[in-house]
Amino acid sequence: MRQAIPKMATAGSVNTFTSVPTRAADVSRLFRSRRTVVQSKIGASGYFFSATKLRLLHCRTAVAALRNELSSRKFTDSSQGVQFGGEEFVTRLLARRWALDKPDTKINKVMFSTTDINLHDFPASHLYLGVDTDTCISNDVSATDYSEQSFYVVRDDLLHPLINGNKARKLDGVLPLIEDNSVTDVVTCGGCQSAHAAATAVLCAERGLRSHLLLRGEQPEFLTGYNLMSTIYGNVTYVPRSIYANREKMLKSQADLVAGSSGSILWFDDIFPSSPRKQSCSTTNSGQIDYDVHRMARKHGRRVIVINEGAGDAIALLGLIRLVEYLSQDHLLGKQRVVKFVVDAGTGTTAIGLGLGALCLGLPWDVTAVMLADRIDGYKRQEKRLISEFRKHFGAPVDLGKDEEVNGGIVNWVERFRPRKFGNVVDGEVEMCRQIAQETGILVDPIYTLAAWEMATSLSQKGTKTNADLVVLLHTGGTLGMFGLAQRYKSYFNYLKNVFPNQRW
């Protein structure tokens, strides 16, 4: 009889530190103070992944661990004498391998007008005057005309041609850690058009890992969007909603099936000790590694790990903290300015990661998250859980030591302007997405990013009492989700074809 699978952990810890995050080598080149109107440089995708490099890194760590049964890892306690919070703590926390080659991201400035607009009807229904695609924020803020209505957009939608936004950020620190423990297979789950499932499939494939994706519901007649990418890059199984409702049991069963009789199943608590550690990487000839990895993986059997739905684990917070550290550089948002950060919230992990990053660095940033998939009590529970797990694995935050601080939270959770059941689109939103795309060159989707865009626009209005120097929107990606929505909401998208119904040629 097989040994019972241990209880699934809901968080992980970290044990890999090798390099300090890369900063922009040429600030003047990356952020030239030149304004362009309407057109956005979407062609410059900001693709920071290097598939070949990532695969070689996977091979190095996997072979070393397999040959030495993980004994090749040299740990030194990095937490001794380091007070939680401050640049020293963050530098040590982030000194590790990452899935993203760089934390860099583009920042655009969006200018708009609210003339004759009733904000209660549609907060994003404004005349967008244009977008500054190469703004230098430090220069821009010093000469700010406070009568101008504008906000900044962190263009994480340009991180990767297929997998972008917060999905790439949350997996940024997760995948290298999985590699370091010689994992061969990853099991995760999501909806039919899950961006998280597709991100896991693509990034695992780039690193030589197998992904097994449990998607809720029935297989669609036509594969498109994230569902298509999940099918191409990963191994997809469609799960009835009644079974999917018990995610923990479902994920355990799938992990057991993938591992088989000769494999093993790992949980984050199994592979990451309770305190931060440091791992050194060795270099090996790449030509022989590919063969060795596959041969030794067959010999030792599969090693399977589960990633929770939406990567809603404490380990995923690291990628967001890395982003905050990057954005806090003086030539970007800086450490002194009061920033109102706006993000859409699915699981809420992204917003919590931003809040923790700001807390660790002592930044005067306020994170506002637009709730989309749960009620405020659910998000506060998620926030408390992730903070508790972060404290367990990376140290106890001094500023979060008080119960009232934990209960009060580090994220301002707010309702969407027009609340609805998660996944639904309401009349006018597809047209609004088109208007934004045409006037700014930035694509948002009606499920997630439009909600954050509406909030950022509202907070940026002339006369709004925010006490913030800057309003900044984190674009969480989701570009391919538009294809799936076009299948579900045909009437809304068919309307786009009838722009000039009476035109004859």
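## Contacts first

Contact here means heavy atoms within 4.5 Å. With that cut-off in hand, T349, I352 and L356 in helix 14 meet Q382, E383, L386 and F390 in helix 15. This is a predicted model, so everything below describes a prediction.

## The chain as a whole

The protein chain has 20 helices and 12 strands. Of its 505 residues, 56% are buried. Look at contacts between residues at least 6 apart in sequence, and 84% of them join residues at least 24 apart.

## Two helix pairs

Back to helix 14 (residues 349-361) and helix 15 (residues 376-394): they pack at an angle of about 50°, and their axes are 10 Å apart. Angles of 35 to 65 degrees fall outside the parallel and perpendicular classes, so helix 14 and helix 15 count as oblique to each other. The crossing of helix 14 past helix 15 is right-handed. On the helix 14 side, the residues in contact include I352 and L356. An α-helix has 3.6 residues a turn, so residues three or four places apart point the same way.

Then there's helix 3 (86-94), which packs against helix 13 (residues 317-327) at about 130°, with the axes 11 Å apart. These two are oblique as well, but helix 3 passes helix 13 in a left-handed crossing. Helix 3 brings V90, L93 and L94 to the meeting, and helix 13 answers with L318, I321, R322 and E325.

## Nonpolar cores

Which residues touch the most other members of the largest nonpolar core? That core has 73 residues, and the list is I178, L327, F341, L354, W365 and W413. Take I178 as a sample: setting aside neighbours within four places in sequence, I178 is in contact with V183, V186, L209, I305 and I307. There's also a second, separate core of 23 residues, with F151, V342, L372 and L450 among them. As background, nonpolar side chains in soluble globular proteins tend to be buried together.

## Helices 7 and 17

Does the length of a helix agree with its residue count, and what span should the 12 residues of helix 7 have? At 1.5 Å a residue, helix 7 (residues 195-206) should span 16 Å, and its end C-alpha atoms are 16 Å apart, which agrees. Helix 7 is mostly covered, with 11 of its 12 residues buried. Those buried residues are A195, H196, A197, A198, A199, T200, A201, V202, L203, C204 and E206.

Helix 17 (residues 429-440) also passes the check: 12 residues should span 16 Å, and the end C-alpha atoms are 16 Å apart. Its buried residues are E429, V430, M432, C433, Q435, I436, E439 and T440. Just after helix 17, G441 takes a positive phi of about 80°.

## Positive phi away from glycine

Most residues other than glycine have a negative phi. S182 goes the other way, with a positive phi of about 60° although it is not a glycine. S182 is found in the loop between helix 6 (174-180) and strand 4 (185-190). Buried or exposed? The relative accessibility of S182 is 5%, under the 20% cut-off, so S182 counts as buried.

A311 is another case: its phi is near 55°, positive in a residue other than glycine. A311 is in the loop between strand 8 (303-306) and helix 13. With a relative accessible area of 3%, A311 is buried.

## Two buried loop residues

L100 is found in the loop between helix 3 and strand 1 (107-113). At 1% relative accessibility, L100 counts as buried. L100 and L171 are 71 residues apart in sequence, yet their C-alpha atoms are 8.9 Å apart in space.

G423 is in the loop between strand 11 (411-415) and helix 17. G423 is buried too, with a relative accessible area of 11%. The C-alpha atoms of G423 and Y448 are separated by 8.8 Å, though the two are 25 residues apart along the chain. Leaving aside neighbours within four places in sequence, G423 is in contact with I447, R488 and Y489.

Notes
Residues numbered from 1 in each chain as written. Predicted model: local features only at pLDDT ≥ 70, side-chain atom pairs only at ≥ 80, totals over all residues. Heavy atoms only, no water. Helix = DSSP H or I, 4+ residues; strand = E, 2+ residues; numbered from the N terminus. Buried < 20%, exposed > 50% of the residue type's maximum accessible area, 1.4 Å probe, protein only. Expected span 1.5 Å × (residues − 1). Core = buried A, V, L, I, M, F, W, Y, C linked by side-chain atoms within 4.5 Å. Axes fitted to C-alpha atoms, helices over the stretch in contact; angles between N-to-C directions. Parallel < 35°, antiparallel > 145°, perpendicular 65-115°, else oblique. Left-handed = near helix turned anticlockwise from the far one by under 90°.
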